[in-house]
Amino acid sequence: MALAKTVPKVEEYGLFIDGKWESPGGASRFTTRNPATGEVLGSFVSATAKEVDRAVSAAAKAFPKWRETPAPKRGQLLLRVAEIYRERKDELGETVTMEMGKILPEGKGDVQEAIDFIEYMSGEGRRLLGETVPSELRNKYCMTVRQPKGVVAAITPWNFPTAIPNWKIAAALISGNTVVFKPASNTSLCGTKVVKAYEDAGLPPGVLNLVTGAGGIVGDALIRDPRVKAVSFTGGTDTGKQVYLKGAEHLKYVHLELGGKNPQIVLNDANLDLALDGVLFGAFGSSGQRCTATSRLIIQEGVYDRFLGMLLDRLKSFKVGNPVDRGVDMGPVASADQEKKVLTYIDVGQKEGAKLRAGGKKLTGGDYDKGYFVAPTVLEAKHGMRVTKEEIFGPVLSVMKVKDFEEAVRVANDVDYGLSSSIYTKDVNLSFQAMERLEAGITYINAPTIGAEVQLPFGGIKQTGNGGREAGTTAIDEFTEIKTVFVDFSNKLQKAQIEG
Ligand code: UN1
């Protein structure tokens, strides 16, 4: 008897609107795939403006009650979400790894970052600080309180598919907002699991809604909906500018977290072994697909040859492979588009005269042929080349030689972005000068450009964003309005500026 060829069934996932999972009849669908193996991971609804409209209606309907729920109670609910993520950390971490390709410890780290932030935000439920200040008049109180904005949209990227959604969702919810969440299409399974934990924790219907689909349709409809009062977007600079422009139509609050071109400076007196571990982690962790990734290595001339030699030497034993396998240092890039972009930049760099010192190609043969594997790449470049200025978002490191600290700072700052930065030196004065002068939202001393902790503000200057900061207590600023309150208990008309 001939065996029928069994095609593995692809699990179908729905949208989450008003507390229910649903698949609109006749909706078109898309799938996500493992970038290391090509395996299909799930099928998702390509939502249209109609579903976005319903999700926003559900969030608007749920808002008054959620807003009235005491913030410490909202915090308790968040804590339960964190517990659920903790219970599911291995499974979720594997999903991250399978859906976007970062190695397993980093996949689990992504989930841990979500847990850390939610725990931190649950405590905010007992703070949500305002201020009280003295009045210029007698028998009068002056203070501020925080109020939620209303319905907010969280539009998130694929590179941290559990952490970044939760940076936005948890901060929005603790502040009393309701949320419509649109994850990057190629990490829709992660997005679905992010939301499932909130459902399982008992979040009331409509408080968090999930709409999967294309940015140009779902994202666009969300940004244009006048009932959405704030949009928090993490992604590319070009898309970010579009989001900003569309949001401006309704003067809505738009928070943008965009690209980076982050430098690691290594001075002559640096601990080179430490700097080497730092740059390997910073440049090739998550295959260089972090906004904070080290994409420029600026080395002082006294240690240039030696340090570059150390780096190239170490890369010889750097293992690229299936990110679920132990002992693998780096997985694939996340998609065919990513691969194409990265390979194009490697080409552009060489045409501009950068010298290819390591990698520089797609890895092929055996299991490599199933996925999007690019070798960790080192280009010896001159400041000003496109590869030293534009965000590549992949495992490509441009290395530059500088004469001294002054030139290092000048080169580091001469880009359009300003997210993260790092310097390796033992000189205390120069460390502090770097803190003062590097044009970036984040500066690390003797540590790589990646690995920010959630209890501190995260964000950048210049083309990296529009001034907001995620994480830290500043996360609350993104999602609250400040109400100024004056209480006059003098029982008479008192005139500020005129009497007193
Ligand atoms: C990002 O790449 O957008 O600091 C976020 C880091 C991580 C977050 C990165 N904690 O590298």
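**Exercise 1. Is Y141 buried or exposed, and what is its relative accessible area?**

Some ground rules before we solve it: this is a predicted model, where local features need pLDDT of at least 70, side-chain atom pairs count only at pLDDT 80 or more, and totals for chains, interfaces and linings use all residues. Residues are numbered from 1 along each chain as its sequence is written, and side-chain values use heavy atoms, leaving out hydrogens and water.

*Solution.*
- Recall the cut-offs: buried is under 20% relative accessible area, exposed is over 50%, and partly exposed lies in between (1.4 Å probe, protein chains only).
- Y141 has a relative accessible area of 51%, so Y141 is exposed.

**Exercise 2. Place Y141 in its strand, then follow that strand into its sheet.**

*Solution.*
- Y141 sits in strand 6, residues 140–148 (strands are DSSP runs of E, at least two residues, numbered from the N terminus).
- An open, antiparallel sheet is formed by 3 strands in the order 5-6-21 (strands pair if DSSP finds at least two bridges between them).
- Its edges are strand 5 (132–133) and strand 21 (480–488), each pairing on one side only.
- Strands 6 and 21 are joined by 9 bridges; R146 has I482 in strand 21 as its bridge partner.

**Exercise 3. Work out the setting of T178.**

*Solution.*
- T178 belongs to strand 8, residues 178–182.
- With a relative accessible area of 0%, T178 is buried.
- Its side chain reaches the backbone oxygen of A59 at 2.8 Å.
- Setting aside residues up to four places away in sequence, T178 touches A59, W66, G150 and L173, among others (contact means heavy atoms within 4.5 Å).

Notes. Helix = DSSP H or I, 4+ residues; strand = E, 2+ residues; numbered from the N terminus. Polar contact = N/O pair within 3.5 Å; in protein donor to acceptor, adjacent residues only side chain to side chain.
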